[in-house]
Amino acid sequence: MACRDSVGTPYEITLQLHRDGALYGTVGERCGWFLTRLARGVAEARAGHEARWPDPDDRFPDDTELFAFRYRARNGVVGGGELRCQLRTIPVWVPLPRGPGGEWRLTRRAFLEAWGGGGVGMRAVLTSSELGVFVEALVAEAEDCLGSRKPGKPARSL
C-alpha cells in the first residue's frame with residue numbers, strides 16, 4: 001500500500017500481509033528503499049563467486065538478519081504484525097556411497113517468517129534464488145503501486 005504525502009502523492013510503501021484473502025498484518029512503513037537495496041544485494045551475492053559457498057543458492061548478502069519489519073502505531077506501540085528474514089546455516093550429513101563414512105555439507109537458507117497481530121505465524125525456507133524472486137516481486141508491486149514503473153519494464157528502484 002502506498003504511503004502518501006500531505007497532498008496525496010504516493011512516495012513510499014507499507015506492506016499489507018494477507019493470508020487466505022484476509023488481512024493478516026501491516027508492517028514495514030516506508031520499507032521500499034530497503035527492499036530495493038536487498039533485491040540488488042541478493043542479485044550481486046548470487047553473481048559473485050565465493051569459495052566457501054560454491055552453490056549460488058547458498059549465497060546471500062553478509063547480514064544474518066536481512067530484514068525485520070514490524071507495525072508501529074503513532075504512539076510507538078508495536079503490534080499488528082511482523083515480517084522478518086534471517087539467514088541460517090544448516091549442516092547436512094552426506095554419507096559416502098560405500099561404507100560408514102561421510103562428510104558434513106553446509107547450506108545457507110533464508111527463513112522468512114510472518115506473524116499476524118493475533119500471534120499466528122507462518123514460515124518459508126528459501127534459497128537465495130527464491131528470496132531474490134520474492135523480493136523482486138515485492139519491489140515490482142511497490143513500483144506499480146507508486147506509479148513509477150511502466151508495464152513490461154523490469155523493477156529497478158523506488
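Two strands count as paired when DSSP finds at least two bridges between them. With that in mind, let's walk through this predicted model, starting at a hairpin. Strands β7 and β8 form this hairpin, with 4 residues between them. In the turn sits G119, which has a positive phi of about 95°. The two strands run antiparallel and are joined by 6 bridges. If you would like one pairing to find on screen, look at L112, whose bridge partner in β8 is A124.

How far should you trust what you see? The protein averages a pLDDT of 82, and 82% of the residues score at least 70. Strand β8 (residues 121-126) is where confidence is highest, at a mean of 93, whereas strand β1 (residues 2-4) has the lowest, at 66. Please take some care with residues 153-158 as well: pLDDT stays under 50 there, although the model has 18 contacts beyond four places in sequence for this stretch. Where pLDDT is low, the predicted coordinates should not be read in detail.

Next comes helix α2, which covers residues 128-146. Its 19 residues reach 27 Å from the first C-alpha to the last, close to the 27 Å expected at 1.5 Å a residue. Several of its residues are buried, among them L131, V135, L138, V139 and A142. An α-helix has 3.6 residues a turn, so residues three or four places apart point the same way. The buried set of α2 also includes S128 and E143. After the helix comes G147, with a positive phi near 75°.

What does α2 contribute to the interior? The largest nonpolar core has 27 residues, and L15, L35, L66, F67, F69, L83 and L131 are those with the most contacts inside it. Elements giving two or more residues to this core are β3, β4, α1, β5, β6, β7 and α2. The largest share comes from α2, with 6 residues. L131 is a good residue to click on: leaving aside neighbours within four places in sequence, L131 is in contact with V42, F60, L66, C85, A110 and L126.

That brings us to the cysteines. C85, one of the contacts of L131, counts as buried because its relative accessibility is 0%, under the 20% cut-off. C31 is buried by the same cut-off, because its relative accessibility is 2%. How many disulfides does the model have? The count comes to 0, taking a disulfide as a pair of cysteine sulfur atoms within 2.5 Å.

Notes: Residues numbered from 1 in each chain as written. Predicted model: local features only at pLDDT ≥ 70, side-chain atom pairs only at ≥ 80, totals over all residues. Heavy atoms only, no water. pLDDT = per-residue confidence, 0-100. Contact = heavy atoms within 4.5 Å. Buried < 20%, exposed > 50% of the residue type's maximum accessible area, 1.4 Å probe, protein only. Expected span 1.5 Å × (residues − 1). Core = buried A, V, L, I, M, F, W, Y, C linked by side-chain atoms within 4.5 Å.
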